[in-house]
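Me: Please take one strand of this protein chain and describe closely how it sits among its surroundings.

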Amino acid sequence: MAGGSERSMKALKEVWKRTENSLCADCGKPDPDWASSTLGVFICLSCSGIHRNIPSISKVKSLKMDYWDDAQVQFLAKHGNAVTKAMYEAHIPIYYYQPTYNDCQVLREQWIRAKYERKEFTEPGKQLPYSDGVKEGILWKRGRDNGQFLPRKFLLSEREGCLKYFTKLDAKEPKINVKIDVINATFQPEKIGNPNGLQITYLKDNKTRNIFVYHESGKEVVDWFNAIRSVQFHYLKVAFPIASDNEIKNRLTRNFLKEGYMEKTGPKQREAFKRRWFTLDHRRLMYFKDPLDAFAKGEVFVGSGENGYSVQKGLPSGTQGNFSWHYGITIVTPDRDYLFTCETETDQLDWIRAFTSVINQAMTPQEYAIEAYFKFKS
């Protein structure tokens, strides 16, 4: 820490090392080394960049490189993460998605702006743009066949328990009408090629359908995301009245466990391996020719270890199919083995960890029903 009196430096270090300040106040990243001299929170480098974009609210400084005077250090000591969070996060709706340092920029930025700039969580019962039970507006949606993003009207209704979209602004009938309990939503800026890109998936005839959308406004697309979670939460509260709020919260939107390219061969294990985009959505392993395909070319159910599922590093000896990637993975199921190859050892180990995390979990009654469907289909 350059400059500053020895007394100020010592006092700053003492405040900095408090347990409450050991994680970033906004994303939870360990060992934050920046702070806001106007809000009194300790934050990481990435979140400090977002704070810097709202200078009327937050002035940020490095704890290692910048000079902190006595008054600023006293302000940090009086506030800190615990006090400030108690003020700005006092009334967060249980369904509201609180991003971590692993989440994308738009989620983290709108979380920070919602807290400090718009003060959405400081008062109980405050009317929020995603809590009305209904949301209507325009999202840019990728065409299933032509790949073009075109404006489409979307309507989310808690009363009807569904999400609809219309191909024309004045259309009377929706193109789709999806029940809210089969919907998932996850931000995919890199895959969609837009910083506000959102992937909405739903089950149709027990098959996954993907819709890719974005909005020019980061606030608007995050409001849509939290509106979906809000409607889901209230729908599930009615459907499962004895479930706790936290149990229901855990059933709302989820991020995919793992995505990326692998090669796969067919059931005879003699066909050439083909490069496909894979998405692991809990127990559903889906593969696509293109990451932005609306429908998967196929799906594999990944059950639990106690039901005969396992993941093995490498391919069975004597595998005959031609493959260009040499880091193999074998998924063993009660019915057949699935063979994949990865481009690098890092990819291979990451996929194995993801599969292992699923296989180590006991199956729910609903998952037994899904497994039965997959067996019937095959």
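The reply below looks at a single strand, its cover and its partners.

Reply: The model discussed here is predicted. The protein chain contains 10 helices and 17 strands, and its C-alpha trace spans about 75 × 55 × 45 Å along the principal axes. Of its 378 residues, 48% count as buried. Among contacts between residues at least 6 apart in sequence, 52% join residues at least 24 apart.

Within this chain, the strand chosen is E6, residues 162-166. Five of its five residues are buried, with relative accessible areas under 20%, so E6 is largely enclosed by the rest of the structure. In a regular strand, side chains alternate between the two faces of the sheet. The two faces of E6 are both covered: Cys162, Lys164 and Phe166 lie on one side, Leu163 and Tyr165 lie on the other, and all of these residues are buried. A lysine, Lys164, is thus among the buried residues of this strand.

E6 has pairing partners as well. Strand E5, residues 149-157, pairs with E6 in the antiparallel sense over five bridges. In this pairing, Leu155 stands opposite Lys164 of E6. The two strands form a hairpin with four residues between them, and Gly161 in that turn has a positive phi of about 65°.

E6 is also joined to strand E7, residues 176-179, by four bridges, and these two strands run antiparallel. Here Cys162 has Lys179 of E7 as its bridge partner.

Taken together, E6 pairs with E5 and with E7, while its two faces are covered.

Notes
Residues are numbered from 1 along each chain as its sequence is written. This is a predicted model: local features need pLDDT of at least 70, side-chain atom pairs count only at pLDDT 80 or more; totals for chains, interfaces and linings use all residues. Side-chain values use heavy atoms; hydrogens and water are left out. Buried means under 20% relative accessible area, exposed over 50%, partly exposed in between (1.4 Å probe, protein chains only). Contact means heavy atoms within 4.5 Å. Two strands pair if DSSP finds at least two bridges between them.
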